[in-house]
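Hi there,

Here is the structure I promised to pass on to you. Have a look at it first, and then read on for my notes.

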Number of protein chains: 2
Amino acid sequence: MRLSAEDLAAGYALACQTLVVGDAVVTVPPQEKIERRLVTDRTAAKVTLPFTYDPERHQPMRLLPVRIDPPSLADQTDDWARLKRHLAANYGVFHLEAGLGMLRRLSTTLRGADWTVSAVVEMDTWNHPEGPPRLVDLLPGEQRGPLWGAALDIGTTTVSMYLVDLVSGEVATRVAEYNAQIRRGEDIISRIIYASKNNGLAELQSLVVGTINELVERAARRVGIQPSHIYKMTVAGNSTMMHLLLGLPPESIRLEPFVTTINHPPPVRAAELGIAIHPEATVDCLPGVSSYVGADIAAGVLGSQMCDFSGLTLFLDVGTNGEMVLGDCDWLISCACSAGPAFEGAGVLHGMRATVGAIEEVWINSDTYEPTYRVIPDPKLEAQGKRTPPRGICGSGLISLLAELFITGLIDKAGNLCFDLGCRRVRQGEHGPEYVVAWADETEHGRDIVFTKVDIDNLIRAKAAIYAGFEVLARSVGTDLELLDRVLIGGSFGQYINVEKGIQLGLLPDLAWDKFHFLGNTALRGALLTLLNREYRQNIAQMAHRITYLELSADNSFYEAFTSALFLPHTDLARFPSVAEVLAQHKKNNTQCQ
Amino acid sequence: MRLSAEDLAAGYALACQTLVVGDAVVTVPPQEKIERRLVTDRTAAKVTLPFTYDPERHQPMRLLPVRIDPPSLADQTDDWARLKRHLAANYGVFHLEAGLGMLRRLSTTLRGADWTVSAVVEMDTWNHPEGPPRLVDLLPGEQRGPLWGAALDIGTTTVSMYLVDLVSGEVATRVAEYNAQIRRGEDIISRIIYASKNNGLAELQSLVVGTINELVERAARRVGIQPSHIYKMTVAGNSTMMHLLLGLPPESIRLEPFVTTINHPPPVRAAELGIAIHPEATVDCLPGVSSYVGADIAAGVLGSQMCDFSGLTLFLDVGTNGEMVLGDCDWLISCACSAGPAFEGAGVLHGMRATVGAIEEVWINSDTYEPTYRVIPDPKLEAQGKRTPPRGICGSGLISLLAELFITGLIDKAGNLCFDLGCRRVRQGEHGPEYVVAWADETEHGRDIVFTKVDIDNLIRAKAAIYAGFEVLARSVGTDLELLDRVLIGGSFGQYINVEKGIQLGLLPDLAWDKFHFLGNTALRGALLTLLNREYRQNIAQMAHRITYLELSADNSFYEAFTSALFLPHTDLARFPSVAEVLAQHKKNNTQCQ
């Protein structure tokens with residue numbers, strides 16, 4: 001059913017349906033390998049902050065140089081009390097504490113540095129805003145900076161990190177890498193299931209820590225420091241990623257009534273997690289709201305500066321789940337809808353990730369019904385002046401393809417392909433009706449790239465789930481999507497959505513295009529702001545607590561809204577006046593399918 | 001010089017002076033082996049407390065049973081917030097915290113116990129008297145007790161422990177064992193030196209932890225529990241023992257100006273030290289005053305209840321160092337004098353530890369000069385109705401022997417043996433003048449047990465150092481030893497001192513005998529009181545901070561006082577009127593040596 005006669009003839013088989021009865025060599029076809037350029041892994045452009053950074057006021061992690069009077073028979077004060085006395089006198093640091101690791105190095109460090117040292121002191125944490133301060137490290141000599149910290153976003157697919165000087169507040173570099181957990185499951189649910197198997201949790205924990213350590217190593221090398229010079233790490237990520245990072249069993253996230261072990265974990269030490277920065281560095285996980293509205297969303301709301309503007313705002317992060325927050329900062333309400341992985345290219349016959357060879361945008365000529373497409377280029381081929389042949393279609397390509405098929409009348413509002421237009425690309429394929437996007441002779445694998453009725457239905461269900469989420473959120477607070485002042489779209493996927501097409505297929509509400517803002521990785525930005533500013537750190541804690549979470553599976557109106565959205569753009573075309581206008585225009589120009 | 005012709009003939013050699021040039025078999029003679037019965041390792045008599053124990057008022061470690069409403073779609077509160085909510089509502093426990101280990105077990109424990117659990121909560125610690133409370137463990141079901149804790153005294157020689165129910169406040173058992181560090185040095189100084197060698201600190205740390213784990217295992221077996229059921233351990237010990245337990249380098253204790261890394265270490269987790277009780281149990285090390293007045297002394301002062309009485313009190317703990325505290329609880333002043341190990345039987349030709357075969361008390365007939373002695377019996381021989389032959393002389397035996405020799409006139413006030421009395425036991429031996437305590441045919445090894453002039457001088461120096469300490473302490477606060485209302489003697493050695501003899505040789509001040517109180521292991525008792533009562537724990541912290549420490553090596557008057565005390569009982573006989581009277585009595589009855 002999923003494989004073509006061609007594939008079968010070529011010896012392809014579905015691994016999940018095949019019984020291996022003897023020795024077998026399994027070849028993973030190249031299109032399944034991850035080859036996407038990680039466009040985010042390069043030195044960051046200067047990151048601007050919404051405040052003028054003042055480490056004394058904003059930064060809990062401080063570097064305090066101090067010259068200490070050595071002990072004598074007349075003053076036999078112990079090393080620890082002596083250091084505390086000087087830090088109190090010079091900086092007003094009282095009630096200093098230290099862990100055993102630090103105390104074990106204390107005597108040797110003080111004497112080795114001849115009693116002139118620089119204390120790395122964490123003045124407070126979000127859960128102890130009044131301190132007590134903690135001595136994290138003691139460096140020889142009088143040091144003024146830099147002092148390193150890291151802001152991290154752990155995505156299900158990608159882990160991104162900023163390396164930041166906590167003295168100047170400047171981002172020194174940005175790095176990103178695929179989350180090594182991918183090899184144990186592409187999405188959250190498969191990871192949760194894997195975690196519940198024998199030792200799976202420990203393995204997933206160590207995989208993501210491996211990725212983090214790789215990023216730390218790479219960033220440190222780039223900047224010319226040791227990873228052990230990093231004293232703080234602030235982490236955003238969805239609730240499942242946070243559980244896996246901390247080694248908390250995530251099962252209850254998947255099972256009704258869908259609760260986490262903890263939404264706002266306490267700060268932990270890097271050594272407790274195996275993160276290879278300074279062993280006593282603080283790893284501060286940002287707060288989530290619920291199982292499916294995690295710290296990535298809370299950090300995203302913060303990073304988007306949603307609250308810095310008045311007016312009704314919708315914040316949206318599209319991935320496997322559509323997670324969204326609606327509000328105006330007097331109130332915030334959130335939900336997550338299980339959109340499925342269609343927008344990530346999964347569950348679609350020729351769907352693929354946004355890597356080399358993916359069709360990322362499609363235009364269809366409304367007269368000839370012939371498509372034009374843009375492929376994510378292979379730098380090697382480009383260098384030789386050659387075009388990159390397509391291998392499949394990624395999420396943004398699917399959105400524009402679906403919208404174009406609809407607007408040109410090649411599919412109707414229910415997603416049925418129109419055979420009456422005389423378009424040779426619309427045909428009956430092995431999986432039912434399909435549209436041929438690229439002929440075999442254009443493609444990398446020498447087979448047609450098609451978009452089937454099954455694919456169309458999957459995508460419509462995905463967009464309907466997300467739109468229904470908007471709908472239910474708005475309705476639950478008695479407002480209307482038309483009244484939105486802004487739509488903020490976070491997440492790397494969001495960056496590639498074409499607003500016009502998104503509106504045309506009914507994924508995005510029909511608003512003026514200038515109301516849409518693509519913000520990139522807002523979760524990472526949120527992590528950065530909270531790493532640098534204790535006021536932002538307090539804000540996110542309060543905000544995550546304040547965001548109301550609407551559980552859609554317990555909400556009857558969701559199913560109704562979903563069903564209404566299972567059409568292009570929607571059962572109620574009046575909600576999409578701009579689309580109605582375009583359709584009317586096309587109707588006038590072209591023969592209609594129906 | 002140290003070996004007799006007899007020994008040499010028998011093939012004895014000093015290991016420290018012998019060059020091994022080929023294969024060699026080294027035989028450790030049995031008298032060097034430790035065979036002392038640890039009289040303290042048996043089920044404790046009921047320990048009485050100076051307060052009526054009320055866990056709710058006194059005990060920071062609590063057992064709180066709670067039935068929790070399970071989560072539902074209508075209440076998706078995360079597990080942690082849910083537990084906190086119930087503990088706040090039922091017990092007024094706010095701002096609860098937990099470590100990563102506890103959070104990792106949370107979800108499974110709650111569901112496995114069907115949401116009825118008992119929380120082990122540490123409400124506060126000495127350094128955080130207002131909390132926040134910490135969830136240490138979560139047990140399934142509604143449990144009311146017992147809840148186990150341990151009070152520990154880590155001596156240089158012996159480690160002693162009480163296993164205590166923190167709900168009833170009752171001591172379930174007492175265990176004791178030699179400190180396994182002994183194999184790396186008998187006294188503090190040799191351990192510090194060993195610690196500074198390659199990996200020596202880690203080895204000593206692991207040796208004492210091994211001893212603690214053995215005690216924990218033994219006590220737990222006796223009471224029928226698992227070691228992991230122990231949630232708190234309060235530890236007394238001298239500053240070096242504390243450094244070695246925590247893995248802090250102790251070098252600076254030994255080197256001028258003699259300072260510790262930390263006098264009052266913060267509470268740590270059992271797992272950080274490798275102590276095999278509950279990994280998140282608190283190990284609370286009591287505070288010391290200085291390098292040589294450690295937590296054993298602070299705990300001793302507390303355990304002796306020195307402050308519960310008015311009047312001038314001297315608290316004394318005799319070991320290798322004589323450590324003492326003088327005060328009346330409005331003020332406390334302390335010092336430590338390096339008495340050397342003579343009172344422990346070291347540096348004395350036939351000296352030995354207080355084990356089987358040791359002469360522990362001696363009486364000398366003032367007419368015949370013949371001694372009578374009591375030997376620490378060998379239970380096996382006793383069972384056969386046989387007397388245990390002596391092998392050497394232990395500390396208490398040395399004290400009574402020296403006093404008897406002096407009172408009977410066999411030695412003069414400078415410690416010179418008197419050859420004019422016609423006593424056949426006084427003779428010129430290989431090491432100079434000596435007194436024969438036991439003839440070869442009475443002894444276990446078939447050689448005479450003698451007490452030499454060299455031994456006498458060593459003992460006089462040791463007692464002089466201790467008495468000079470008393471003297472300097474009293475003088476420094478402008479008081480006089482005659483004005484003492486009480487002398488409290490702690491430590492296991494103290495239990496065996498005969499007050500009369502101690503006064504006669506000028507080790508103890510000349511006071512009415514009923515002013516002396518032998519309290520046994522006051523350090524262990526202090527650990528018990530602070531384990532059970534947070535008020536006592538605060539008291540000891542304040543007290544250790546308040547005790548003035550007098551550094552004798554920086555005090556000129558000490559050397560003067562020491563020199564004056566290098567006579568029996570003292571240069572100034574007027575300080576010892578009772579001894580003067582006894583001497584006058586003997587002068588009347590006997591021929592005097594001088």
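Let me start with one residue: B:Val268 has a relative accessibility of 4%, so this valine counts as buried. Please keep in mind throughout that this is a predicted model. B:Val268 sits in strand 9 of chain B, which covers residues 268-269. Setting aside neighbours within four places in sequence, B:Val268 is in contact with B:Leu246, B:Leu273, B:Ala281, B:Thr282 and B:Val283, and also with A:Leu100 from the other chain. From B:Val268 to B:Glu280 there are 12 residues in sequence and 8.8 Å in space, C-alpha to C-alpha.

**How the two chains meet**

That contact with A:Leu100 leads on to the pairing of the chains. A turn of 180° with a shift of 0.2 Å along the axis lays chain A on chain B with an RMSD of 0.2 Å. The two copies are thus related as by a two-fold rotation axis. Of the interface residues of chain A, 100% are interface residues in chain B as well, so the copies meet through the same surface.

Each side is easy to list: 42 residues come from chain A and 42 residues from chain B. Between them the chains bury about 3,300 Å², with 60% of that on carbon and sulfur atoms. How many salt bridges are there between chain A and chain B? The count is zero. The rule does find 16 residue pairs in polar contact across this interface, both partners being at pLDDT 80 or more. On the side of chain A that touches chain B, the elements giving two or more residues are helix 3 (79-91), strand 2 (97-98), helix 4 (100-112) and helix 9 (270-273) of chain A. Helix 4 of chain A gives the most to that side, with seven residues. Sorted by class, the side of chain A that touches chain B has 20 nonpolar, 14 polar and eight charged residues.

**Salt bridges**

Side chains of opposite charge can pair when their charged atoms come close. Over all chains, the structure holds 54 salt bridges. Here are three from chain B that you may like to inspect.

- B:Arg57 and B:Glu535 meet through their side chains at 3.2 Å, N to O. This pair links distant parts of the chain, 478 residues apart: B:Arg57 is in helix 2 (residues 55-58) of chain B and B:Glu535 is in helix 16 (residues 534-546) of chain B. B:Glu535 is partly exposed, with a relative accessible area of 36%.
- B:Arg105 and B:Glu280 form a salt bridge at 3.7 Å, N to O. B:Arg105 lies in helix 4 (residues 100-112) of chain B, and B:Glu280 in the loop between helix 9 (270-273) and strand 10 (282-285) of chain B, so the pair ties together parts that are 175 residues apart in sequence. B:Arg105 is partly exposed at 28% relative accessibility, whereas B:Glu280 counts as buried at 11%.
- B:Arg534 and B:Asp124 pair at 2.9 Å, N to O. Here 410 residues separate the partners, with B:Arg534 in helix 16 of chain B and B:Asp124 in the loop between strand 3 (116-122) and strand 4 of chain B. B:Arg534 is partly exposed, with a relative accessible area of 22%, while B:Asp124 counts as buried at 10% relative accessibility.

In chain A, a network of salt bridges links A:Glu471, A:Arg475, A:Asp572 and A:Arg575. As for Glu471 in chain B, B:Glu471 is placed in helix 13 (residues 453-476) of chain B and counts as buried at 9% relative accessibility. Not counting residues up to four places away in sequence, B:Glu471 touches B:Leu481, B:Ala561 and B:Arg575.

**Backbone points to check**

Two cis peptide bonds are worth a mention. One joins A:Glu256 and A:Pro257, with omega about 5°, and A:Pro257 is in the loop between helix 8 (251-254) and strand 9 (268-269) of chain A. Another runs from B:Gly145 to B:Pro146, with omega near -5°; B:Pro146 lies in the loop between strand 4 (134-140) and strand 5 (148-154) of chain B.

There are also positive phi values in residues other than glycine. Phi is near 55° for A:Gln305, which lies in the loop between helix 10 (295-303) and strand 11 (313-318) of chain A and counts as buried at 19% relative accessibility. For A:Tyr369, phi is near 65°. A:Tyr369 is in the loop between strand 14 (358-364) and strand 15 (371-375) of chain A and is buried, with a relative accessible area of 6%.

Best wishes

Note on methods
Residues numbered from 1 in each chain as written. Chains lettered and ligands numbered in written order. Predicted model: local features only at pLDDT ≥ 70, side-chain atom pairs only at ≥ 80, totals over all residues. Heavy atoms only, no water. Least-squares fit on C-alpha atoms with pLDDT ≥ 70 in both. Contact = heavy atoms within 4.5 Å. Helix = DSSP H or I, 4+ residues; strand = E, 2+ residues; numbered from the N terminus. Buried < 20%, exposed > 50% of the residue type's maximum accessible area, 1.4 Å probe, protein only. Buried area = accessible area lost by both parts, 1.4 Å probe. Salt bridge = Lys/Arg side-chain N within 4 Å of Asp/Glu carboxyl O. Polar contact = N/O pair within 3.5 Å; in protein donor to acceptor, adjacent residues only side chain to side chain. Nonpolar A, V, L, I, M, F, W, Y, C, P; charged D, E, K, R; others polar.
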